[in-house]
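Hi there,

Here is the structure I promised to pass on. Please have a look at it first, and then read my notes underneath.

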Amino acid sequence: MGFQVFLDIAVVALRFMLPLYAVVIVYQCFASMRRHRRPEKPLVTLEIKNTLQQIPVLFWENSIGRSKGSDICVEDPTVSRDHCVLLRRQEGWMISDIGSKGGTYVNGKRARGRTQVLIDDEITVGSTTFVLKRGDEFQDRIRPSWFFSKASNKGSLQPYKLMLLISFFHLFMAVEASFTNEVQDFTPFVIFGVLEAIVWTFFFVSTFAFKRINFELEALACFMTGIGALILYRKEPRMSYVQLIAAVIGIVLFCVIVKIIENPDRVDSWRMAIMIGAVGLLAINLIFGTVQNGAQNWIQIGPVSVQPSEFVKVAYIFVGAAALDKLQTKRNFFEFIVFSAICVGALALMGDFGTALIFFVTFLLIAFMRSGDFKTVLLALVAVVFAGTIVLKFKSYVLNRFAAWGHVWEYSDNLAYQQARVLTYTASGGLSGVGIGNGYMKYIFASESDIIFGMLSEEMGVIVSFALVLAIVMLAFYARAITTRSRSTFYSISACCAAGLMVVQTSLNVFGATDILPLTGVTFPFISAGGSSMIACWGLLAFIKAADERTYAARRLSKHQEDR
């Protein structure tokens, strides 16, 4: 009897401790990322010939032109608005003309394709001539990105310590899940054991085989994956095992993508094949897909159901991003617009309007990052408003969601039944939750996927829920901050848009479940049940990982040592 009382006290203590523990882990992940400062010196400088004026070259890819949006703006009427691109590759610095009227010259010879530029070489655009100089000759200090500007000088938390923090959090979740019910069930410890075997194997492979020197992003994803797997166990044990299997596949995909895009120029050769494969997946879905909850977005393969649109998210980022000199071509952008129209149109035909909206917002992000043109974004918005009006006219079940939007208590027993329960049970969970498995939200339809925010808030408390939402939002800020250090615009665009996609998806899931937005039926990244979604989330995370220059640092250092 005394032991049972002690156990009950311990479980209650865990229930109040876990929310604060979750906040600490999320903080440590991003604090470790922020402690990586930007160098104070530019990579190289461009000195205007016969003057003392020097222009710092801060990025691996730099647009040169008369346009004010160029990285290096040249106030010369003989220079085209978008004239050329100065870029750095393993072979050294290159200059690439992008269809300028007057051409680009290196030491008096016209550049054809990518032309190598050495230190002290002259680059002529229009009537302006630059001399490439070393970066250490530039005297001014370079202001770091705001994300890193107030970073602490103390060292980052070592990756294995961060992983230990996360493992203990998962262990405490397993303890709570095992002892918060009248009948004690020790099987959550099996889920915990399998989970830890997966994440620690990944950690050791990443650290020793791939020689990665940073693990914060992966640790954050492992943290969220574990929370999802353990909280879903009390809903349906099979879901937990599916999540873990999908996580393994997702981690493998993560590693493959990071390896494939190690060379940004390699992506261009894969671009068309990936585009055709993505369109093929959507076509198969349209032909053979089965309808679930009003959307024809599932393919049944024996006992396994697959959602192809989740994999197309990864392909969409591949196709939308490109190296800067490739990005400037009209053909490249036209192909992307056509591909976007096919994706959004196919999803609309399937009735998967939530995913279609995610793709559309991602299109706006990519289009703006590629062109910086608000007119393109405005035109796309007008088109989607027109298309949305047609959808609401002919798709009654979508209109029903809008009818209930903002009137949750009026329709609490029919159209807004799910949202009403989310709000009710979230309030009953309070700050620390009622305990894993003790809630009632798990009995509501789609509580494991589209409205999992409600189950998470009820059982673990709103502090944990908001900490996980904040983690996704911070990914977008982090992705934006590291773009100034990325080796290619491919990394910059793909990282920002992958993070932006996850933010939009999380917003639709959370705001739809709480009646701030209409319920669209999308998943919470890494948390919601769904193998396809889990795999896709790990794939998207790979783009953010690749954008961090530390990802390939060990390999570049090794190559430099060999060259010496």
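Below are my notes on cysteines, a surface patch and a small sheet.

A word on the basis: this is a predicted model, where local features need pLDDT of at least 70, side-chain atom pairs count only at pLDDT 80 or more, and totals for chains, interfaces and linings use all residues. Residues are numbered from 1 along each chain as its sequence is written, and side-chain values use heavy atoms, leaving out hydrogens and water.

Searching the whole structure for disulfides (pairs of cysteine sulfur atoms within 2.5 Å) gives zero. For cysteine 496, the closest cysteine sulfur belongs to cysteine 497, and at 6.6 Å it is too far for a bond.

On the surface, Ile284, Leu286, Ile287, Phe288 and Leu349 make a nonpolar patch of about 520 Å². Patch residues have over 30% relative accessible area and no salt bridge (a side-chain nitrogen of Lys or Arg within 4 Å of a carboxyl oxygen of Asp or Glu); like charges are joined within 9 Å, and nonpolar side chains (Val, Leu, Ile, Met, Phe, Trp, Tyr) within 5 Å. Areas come from the Shrake-Rupley method with a 1.4 Å probe, and for residues only the protein chains shown count as cover. Helix α7 (residues 264-288) gives the most to this patch, with four residues; helices are DSSP runs (H or I, at least four residues) and strands likewise (E, at least two), numbered from the N terminus.

Finally, three strands form an open antiparallel sheet in the order β12-β13-β14; strands pair if DSSP finds at least two bridges between them. Its edge strands are β12 (290-292) and β14 (304-306), each pairing on one side only.

Enjoy exploring!
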